[in-house]
Amino acid sequence: MAITGASEWERVLWRPQPFPDNYVPPTFLSALSKNPNVLPYRYWPLVLGACTISQHISAIFIFLAVFTRLLDNTLDPRLLVALSTMNFVAGCIIWELLEYFWGDATQSGSADRARTVKASLLVFLALIALAPILRTLTAPTSADSIWALATALFSCTLSLPTTHMPHLPSKDHHLNERLTSVLSINAAISAAVVLASRLHDDLSVFALMLFSVQAFALFPILRRRVQSMPAHVQSLVTVLLGSAALAAPSPALCGGVLASVTFGGPAVLTWAQQYKHEIRGPWDAATPRGFEQEGSG
């Protein structure tokens, strides 16, 4: 319906206008904007971000490789204990070097080191004392139930993040991150416990649990520190862990999963972004500007 006359349509309700209720002015779509708040993804930054997930998956595959070799008696548990001890010492040295070159020096460094050593000794002694109990923990349970339970727990570990997200600095985010990190670690340690109960002797149980504490509780802490390092350092850590994970029972499956997560996932996300359509216009609800700044102050 064409409207003639000198009157011009206005976006008001209180003034009588010679226009029908379903009138659409020619300027209705002039303020239309498409994807105003969407930042385009780039492939290689996404690959670098996926390295953290790949490192977590690699740690699980490495643990499964160690477990299968202990179960088949192809790995000496005494050698695993020695390697775990060496890894712990090497991790402490790497942490101290990162703190020295890229961290902030604090006066409580000596006290923190003393608490760390004390906690490590307590964990070491606790695992020695609990090894006989853990070995017989699931003796009446069938092996099929153990494999299914371990798979479910490791799936829970993968679904819960254990990494730091610096772009969400709110207090609630830190609380949620701490909760999900604790749940992920507990699920991984629980999976290690049920798998260790399938081993044949107390020394193997102790060696596997000691390795699981390092892989699922201590290594994520060091991994968060590595995230603040240059990109080539994080890529090197990912390559080393991925290469070690190929010793898992199914190297083809392990390599396919790591390649899909590291390279396939970012490619799919970059490709799917072309189908993202967010339309904004004057019909949207008004958003107060400066509200976040005032609230954060």
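The following paragraphs describe the nonpolar core, the largest pocket and one buried residue of a predicted model.

In this predicted model, local features require pLDDT of at least 70 and side-chain atom pairs pLDDT 80 or more, whereas totals for chains, interfaces and linings use all residues. Residues are numbered from 1 along each chain as its sequence is written, and side-chain values rest on heavy atoms, without hydrogens and water.

The largest nonpolar core (buried Ala, Val, Leu, Ile, Met, Phe, Trp, Tyr and Cys residues joined through side-chain atoms within 4.5 Å; buried meaning under 20% relative accessible area with a 1.4 Å probe, protein chains only) comprises 40 residues, among which Phe63, Leu208 and Met209 touch the most other members. At least two core residues come from each of α1 (43-71), α2 (77-102), α3 (109-135), α4 (143-159), α5 (171-196), α6 (202-226), α7 (231-245) and α8 (251-272), helices being DSSP runs (H or I, at least four residues) numbered from the N terminus. Helix α6 provides the largest share, 10 residues. Beyond neighbours within four places in sequence, Met209 is in contact (heavy atoms within 4.5 Å) with Leu127, Leu134, Ile189, Ala192, Val193 and Ala196.

The lining of the largest pocket contains 50 residues, with Asn87, Phe88, Gly91, Cys92 and Leu218 nearest the pocket centre. Pockets are open sets of points on a 1 Å grid over the protein atoms alone, where a 1.4 Å probe fits, with protein on both sides within 12 Å along at least five of seven lines; lining residues have an atom within 4 Å of a point. Helix α2 supplies the largest share of this lining, 13 residues.

Gln234, in helix α7, is buried, with a relative accessible area of 6%. Leaving aside neighbours within four places in sequence, Gln234 contacts Leu48, Cys51, Thr52, Gln55, Val226 and Gln227.

Note on methods:
Buried means under 20% relative accessible area, exposed over 50%, partly exposed in between (1.4 Å probe, protein chains only).
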